Amino acid sequence: MFSVVLILLFLPLSSFFGLFFMGKKANQWAGWIASIITLIGLILSVVLAKELINSSQHFVFEWFSIRQKTFTLSLQADNLTLLMLIVVHLVALLVQIFSISYMHDDAGKWRYFAFLGLFVFSMLVIVLAGSLLLMYVGWELVGLSSYLLIGFWYEKPRAVWAAKKAFLLNRIGDAGFLIGILLLFWSFGTTELSVISEQLTVNSSLITDNDLLI
């Protein structure tokens, strides 16, 4: 099942890089290519949900170490994750199908659908993240994707202004998110969601006893 999870995660990323590599040559078929890849992801999500329902899976990778402290990246697939995989793919597919008609005369369709692929990949990183650190990476990629999509028509000053405004305002929220992650790491010594959940289950007073988190 781990291979299926990885395929799900990197399918939209392949759409992003593939459309960018082909460039204008893919303009006519960009929407259909992106939609088919998302449809494959939706089908795999349904298959994965049937296989793993009520059976949580957790995959951990060592990222880097500082002195004796190891930082990990992990993916998890529980019931909520399986549901959100289906929701993300379904909504993305509907958006892409609508965009095929809406963007039919645009000369930069390949860029638009490539950006959508990056956006879907970013959402899947958040959904599949087993650690707050990886979730933050996905959150930042969502911000980048939003900036690229909002400012897609970069020749229009209004679109450029809106993209910059969204990017700057998101940084404020991102700072709060990062501070929260650092506080949790300081309290629990990890950013792994499963470990934090277990520690809270064993000792629910960890937060209330910590003056910094009150």
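Okay, let's start with one residue: Gln-76 is buried, at a relative accessible area of 16%. Buried here means under 20%, so a glutamine at 16% makes the cut. Before I go further, please keep in mind that this is a predicted model.

Where does Gln-76 sit? It's in strand E2. And what does Gln-76 touch, once you leave out residues up to four places away in sequence? The list has Gln-57 and His-58, then Thr-81, then Leu-128, Ala-129 and Gly-130, and lastly Leu-193. Two of those names, Thr-81 and Leu-128, will come back when I get to the contact between H3 and H4.

Let me step back to the whole chain. We have 214 residues, and 40% of them count as buried. There are eight helices and two strands. Reading from the N terminus, you go through two helices, then two strands, and after that it's helices to the end. Along the principal axes, the C-alpha atoms fill a box of roughly 60 × 45 × 30 Å. And if you take the contacts with a separation of 6 or more, 68% of them are between residues 24 or more positions apart.

Now, the core. The largest nonpolar core has 38 residues, and the members that touch the most other members are Leu-9, Leu-48, Leu-75, Leu-85 and Phe-113. Which elements supply at least two residues each? Helix H1, that's 2–22, along with H2, strand E2 at 69–77, helix H3 at 79–102, and H4. H4 gives the largest share of this core, 13 residues. There's also a second, separate core of five residues, and Leu-132, Tyr-136, Ile-181 and Ile-196 are among them.

Since H4 came up, let's go through its partners, beginning with H1. The axes of H1 and H4 are 8 Å apart, and the packing angle is about 160 degrees. Anything over 145 counts as roughly antiparallel, so that's what H1 and H4 are to each other. Their crossing is left-handed. From the H1 side, the contact includes Leu-9, Phe-16 and Phe-20, and from the H4 side it includes Phe-113, Phe-121 and Leu-128. By class, the residues in this contact are 19 nonpolar, two polar and no charged. Note that Leu-9 and Phe-113 are also on that list of core residues with the most neighbours in the core.

Next partner: H3. Here the axes come within 10 Å of H4 and cross at roughly 170 degrees. That makes H3 roughly antiparallel to H4 as well. On H3, the contact residues include Thr-81, Leu-85, His-89 and Gln-96, and on H4 they include Tyr-112, Phe-113, Met-123 and Leu-128. What's the make-up of this contact by class? It has 14 nonpolar, four polar and no charged residues.

While we're on H3, have a look at Val-91, which is in that helix. Val-91 counts as partly exposed, at 45% relative accessibility. Its C-alpha is 9.9 Å from that of Leu-42, and those two are 49 residues apart along the chain.

Third partner: H2, residues 30–52. The axes of H2 and H4, with H4 covering 109–128, come within 8 Å and cross at roughly 15 degrees. Parallel or antiparallel? Under 35 degrees counts as roughly parallel, and therefore H2 and H4 get that label. The crossing is right-handed. The residues that meet are Ala-30, Gly-31 and Ala-34 from H2, with Lys-109, Trp-110 and Phe-113 from H4. That gives four nonpolar, one polar and one charged residues. And yes, Phe-113 again: H1 meets it, H3 contacts it, and H2 meets it too.

Last stop, the loop between H3 and H4, where you'll find Ala-107. Buried or exposed? Ala-107 is exposed, with a relative accessible area of 61%. Ala-107 and Lys-24 are 83 residues apart in sequence, yet C-alpha to C-alpha they're 7.9 Å apart in space.

If you keep one thing from this, make it H4: H4 packs against H1, comes within 10 Å of H3 by axis, and supplies the largest share of the 38-residue core.

Notes:
Residues are numbered from 1 along each chain as its sequence is written. This is a predicted model: local features need pLDDT of at least 70, side-chain atom pairs count only at pLDDT 80 or more; totals for chains, interfaces and linings use all residues. Side-chain values use heavy atoms; hydrogens and water are left out. Axes are lines fitted to C-alpha atoms, for helices over the stretch in contact, and angles run from 0 to 180 degrees between N-to-C directions. Helices (H or I, at least four residues) and strands (E, at least two) are DSSP runs, numbered from the N terminus. Angles under 35 degrees count as roughly parallel, over 145 as roughly antiparallel, 65 to 115 as roughly perpendicular and the rest as oblique. A crossing is left-handed if the near helix is turned anticlockwise from the far one by less than a right angle, and right-handed if clockwise. Contact means heavy atoms within 4.5 Å. Ala, Val, Leu, Ile, Met, Phe, Trp, Tyr, Cys and Pro count as nonpolar, Asp, Glu, Lys and Arg as charged, and the others, Gly among them, as polar. A nonpolar core is a set of buried Ala, Val, Leu, Ile, Met, Phe, Trp, Tyr and Cys residues joined through side-chain atoms within 4.5 Å. Buried means under 20% relative accessible area, exposed over 50%, partly exposed in between (1.4 Å probe, protein chains only).
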